Amino acid sequence: MPEKISSLLKTVEWKNNKVIMIDQTKLPNELIFVEYSDYLDIANAIKMLIVRGAPAIGVSGAFGLALAALQSNASTKDQLISDLEKAKKVLFDTRPTAVNLAWGLDQIMNVTKHGNTVDEICQLVINTAKQMADDDIKINMTMGKHGSQLFDDNDTIMTHCNAGSLATVAYGTALGVIRATKESGKNIKVIATETRPVQQGSRLTAFELKHDGFDVSLIPDTAVGYTMANNLVNKVVVGADRVLRTGHVYNKIGTYQVALMAKQHGIPFYVAAPLSTFDMKSNPQDVIIEQRRGSEVTQIGDKKTAPDGINVINPAFDMTPPELISGIITEAGVAKPPFAESITKLFEANK
Ligand code: MRU
């Protein structure tokens, strides 16, 4: 088993002009850190889920561009920007659904406009990426405080996938809310869904919460209805990969089922997401749902669990419509239905 993991252990970090990441594919059996100095390796790490979770891949994309700036042999500002544009495309193409990746890449490309020389731009890019990583933790803590007010003493809170420390730089979004609720002195229990097929719930959420001393129980995804029907859950909180201005929420596959069942049982269903996860331009038909390889479904680890040659449908995310959502927790406050109004207000107040 890995050594004790603290809630502020960084999932992704910039150190000595290198990017250090926890290899999440090895958890919960081994806590291994990988070190990268080539942006192509960052792109591969995002694709292979070595780093995953919307805010964590946003910051990783930004660090990828910082590495690309260091790798560039450009002698003019225009050459450097052209090298960064090429790297941006490679990083952007890794995973299509989480909007934080595009957000992180755009933030970095925007700062390149403020530098006059190659060295100045290089430094600006690195500093901005490092700042984004620091901001991520502060934002999660603020979001946690807002969200904790929605939860009561003795609540049992269900969460799906991993929206924890491991999905961010540290602290987490949905798990950040759960952490802040406990830190406020409330006695709470957590139910983590296993989250097939990649098992972010059992491998990451159960691991992270158990190591941080939470009372956490793991259930198979198929037991969501049972636990709700038997009054074993009071509230649900999940993270998000993309939230539209209408309140449509894209998150790990299975979230929609959890939300539907929560509605059926009168259980409040909350989403926790930083403003960087909001896509204020797209409509539901514009959002690309990542389709992942079939072997995630036909195997568990190296063990085959399905016949050779079987057709597989393996979407990584689904969409939960606004009518199933009780509130969306952000660092700027909690948006309540009707979301088209409340989300616009949150953004206007944060301009
Ligand atoms: O495929 P993953 O593991 O990157 O999916 C992650 C999720 O769906 C999380 O719930 C989401 O990114 C929110 S993370 C704070």
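Which residue has a backbone N or O atom 2.9 Å from an oxygen atom of the ligand? Select G53: a backbone N or O atom of that residue sits at exactly this distance from a ligand oxygen. Keep in mind as you click around that this is a predicted model.

Stay with the ligand and add two side chains. Show R95, where an N or O atom of the side chain is 2.7 Å from an oxygen atom of the ligand. Then show K252, which puts a polar side-chain atom 2.7 Å from an oxygen atom of the ligand. Now switch on a surface: the protein covers 99% of the 410 Å² of accessible area that the ligand has on its own. If you display cavities, look for the ligand in the largest cavity.

Next, bring up the whole shell. You should get 17 residues around the ligand, with R52, R95, D241, N251 and K252 the closest. Colour them by class and you'll see seven nonpolar, six polar and four charged residues. Then highlight α2 (54–71) and β9 (249–252), the elements that give two or more residues to this shell.

From β9, move out into its sheet. This is an open sheet of four strands with mixed pairing, in the order β11-β8-β9-β14. Pick out β11 (278–279) and β14 (317–320) at the edges: each has a single partner strand, so one side of each is left without a neighbour in the sheet.

Last stop: β8 (residues 242–244) and β11, which run parallel and are joined by two bridges. Select V243 and find its bridge partner in β11, F278.

Technical notes:
Residues are numbered from 1 along each chain as its sequence is written. This is a predicted model: local features need pLDDT of at least 70, side-chain atom pairs count only at pLDDT 80 or more; totals for chains, interfaces and linings use all residues. Side-chain values use heavy atoms; hydrogens and water are left out. A residue is near a molecule or strand if one of its heavy atoms lies within 4 Å of it. A polar contact is a pair of N or O atoms within 3.5 Å; within protein, one must be able to donate a hydrogen and the other to accept it, and residues adjacent in sequence count only if both atoms are side-chain atoms. Accessible areas come from the Shrake-Rupley method with a 1.4 Å probe; for residues, only the protein chains shown count as cover. On a 1 Å grid over the protein atoms alone, a cavity is a set of points where a 1.4 Å probe fits but cannot get out, and a pocket is an open set with protein on both sides within 12 Å along at least five of seven lines; lining residues have an atom within 4 Å of a point. A molecule sits in a cavity or pocket if more than half of its atoms lie within 2 Å of its grid points. Ala, Val, Leu, Ile, Met, Phe, Trp, Tyr, Cys and Pro count as nonpolar, Asp, Glu, Lys and Arg as charged, and the others, Gly among them, as polar. Two strands pair if DSSP finds at least two bridges between them.
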